[in-house]
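Trainee: Please take a close look at one part of this model with me, and then follow its connections outward. I would like each term explained when it is used.

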Amino acid sequence: MADFTKTAISQNAKREYISPIPTFEKFNEVIAAFTGDTSMGITKTKSSETYKTKIIYFDAASNEHGYALIYAATASELEEASSLFAGNEASETMAGIGGSASKDSRDDTWSVKFSCTNLVTVGSKEIEDIFTVTISKEYMSVTGFSYDETLSKIETWADGQTVLA
C-alpha cells in the first residue's frame, strides 16, 4: 500500500491588537507603511480590499428608524457612497422617514489583503515561501506560510507599528 508523503508545511498566525486601529487615516498609514517597506525583503501585491460602514436613519423625533450597511471595494468608493447616503435629502426621503441620516463609524471595518513571497534559504537552495497577509482594523494575519523566518520578518515589522500593538 502506498503512503502519503508530506509535500508542504503550511502555517497560520494571527495578531489581535490590544485596541482597534482608531481612525481610517491611521489604517491607511499602516497599509502604506506595509506596502512601501523594503526592509523585510518580501514581495507584496495588494490582492483585495474590503470596507464597510453603517448609515443610521433617524425620524423627525430623532429616533433611530433603520440603517443601511455599505460595502465597498476601495476606500474612496466607501467615502463616496457614505456621503451619498448620509445627510442626503433624497435618500432620507426615499427611506420615508422625514428625518436625517448619519454615518456611524463605531462598526466600520477595513481590511486589505496582500499576496506575498519571501525567499528563504534552505541548505543551498532558495525557496519561495508564498503566503497571504491580511491587515484589518482589529487584527493582522499571516496565512499559508511555511517557514518561521517568514513570520519572524512580519512580526518584526508589525512590532515597529505602534497601532498594531
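Mentor: Let us start with Ile-135, which touches Tyr-17, Phe-27, Val-30, Ile-31, Phe-34, Trp-110, Ser-111, Val-112, Phe-114 and Met-140, leaving aside residues up to four places away in sequence; touching, or contact, means heavy atoms within 4.5 Å. The model is a predicted one, in which local features need pLDDT of at least 70 and side-chain atom pairs count only at pLDDT 80 or more, while totals for chains, interfaces and linings use all residues. Residues are numbered from 1 along each chain as its sequence is written, and side-chain values use heavy atoms, with hydrogens and water left out.

Ile-135 is listed, together with Phe-27, Phe-34, Val-133, Met-140 and Ile-154, among the residues with the most contacts inside the largest nonpolar core, which has 32 residues. Such a core is a set of buried Ala, Val, Leu, Ile, Met, Phe, Trp, Tyr and Cys residues joined through side-chain atoms within 4.5 Å, where buried means under 20% relative accessible area, exposed over 50% and partly exposed in between (1.4 Å probe, protein chains only). The elements that give two or more residues to this core are α1 (24-36), β2 (42-58), β3, α2 (75-85), β4 (100-122), β5 (125-136), β6 (139-145) and α4; helices (H or I, at least four residues) and strands (E, at least two) are DSSP runs, numbered from the N terminus. In soluble globular proteins, nonpolar side chains tend to be buried together.

Just after β5 in the chain we come to Lys-137, placed in the loop between β5 and β6. With a relative accessible area of 10%, Lys-137 is buried, and if we again set aside residues up to four places away in sequence, Lys-137 touches Tyr-17, Pro-20, Ile-21, Phe-27, Ser-105, Arg-106, Asp-108 and Trp-110. Phe-27 and Trp-110 therefore appear in the contact lists of both Ile-135 and Lys-137. Between the C-alpha atoms of Lys-137 and Asp-104 there are 15 Å in space, and the two residues are 33 apart in sequence.

Asp-104 leads us to the charged pairs, for its side chain and that of Arg-106 meet in a salt bridge of 2.8 Å, N to O. A salt bridge is a side-chain nitrogen of Lys or Arg within 4 Å of a carboxyl oxygen of Asp or Glu, and the structure holds eight of them. In this pair Asp-104 is buried, with a relative accessible area of 8%, whereas Arg-106, at 66%, counts as exposed. Elsewhere, Glu-49 forms a salt bridge with Lys-46, and there the closest N and O atoms are 3.9 Å apart; Glu-49 is partly exposed at 22% relative accessible area, and Lys-46 is partly exposed at 41%.

A further salt bridge belongs to helix α4, one of the elements that contribute to the core: the side chains of Glu-149 and Lys-153 meet at 3.7 Å, N to O. These two residues are four apart in α4 (residues 148-159), and so they are separated by about one helical turn. Glu-149 is partly exposed at 34% relative accessibility, and Lys-153 is partly exposed at 24%. Arg-15, Glu-155 and Asp-159 are joined into one network by salt bridges that share partners.

Another residue to look at is Asp-37, found in the loop between α1 and β2. Asp-37 counts as buried at 16% relative accessibility, and it touches Lys-44 and Trp-157, not counting residues up to four places away in sequence. Although Asp-37 and Trp-157 lie 120 residues apart along the chain, their C-alpha atoms are separated by 8.7 Å.

Finally, consider the strands. β2 runs antiparallel to β3, to which eight bridges join it, and β2 also pairs with β4 in the antiparallel sense over 15 bridges; strands pair if DSSP finds at least two bridges between them. Within these pairings, Lys-52 has Tyr-71 in β3 as its bridge partner, Lys-54 has Leu-69 in β3, and Tyr-57 stands opposite Ala-101 in β4. Leu-69, whose place is in β3 (residues 64-72), counts as partly exposed at 41% relative accessibility. The hairpin of β2 and β3 has five residues between the strands, and there Ser-62 takes a positive phi near 65°.
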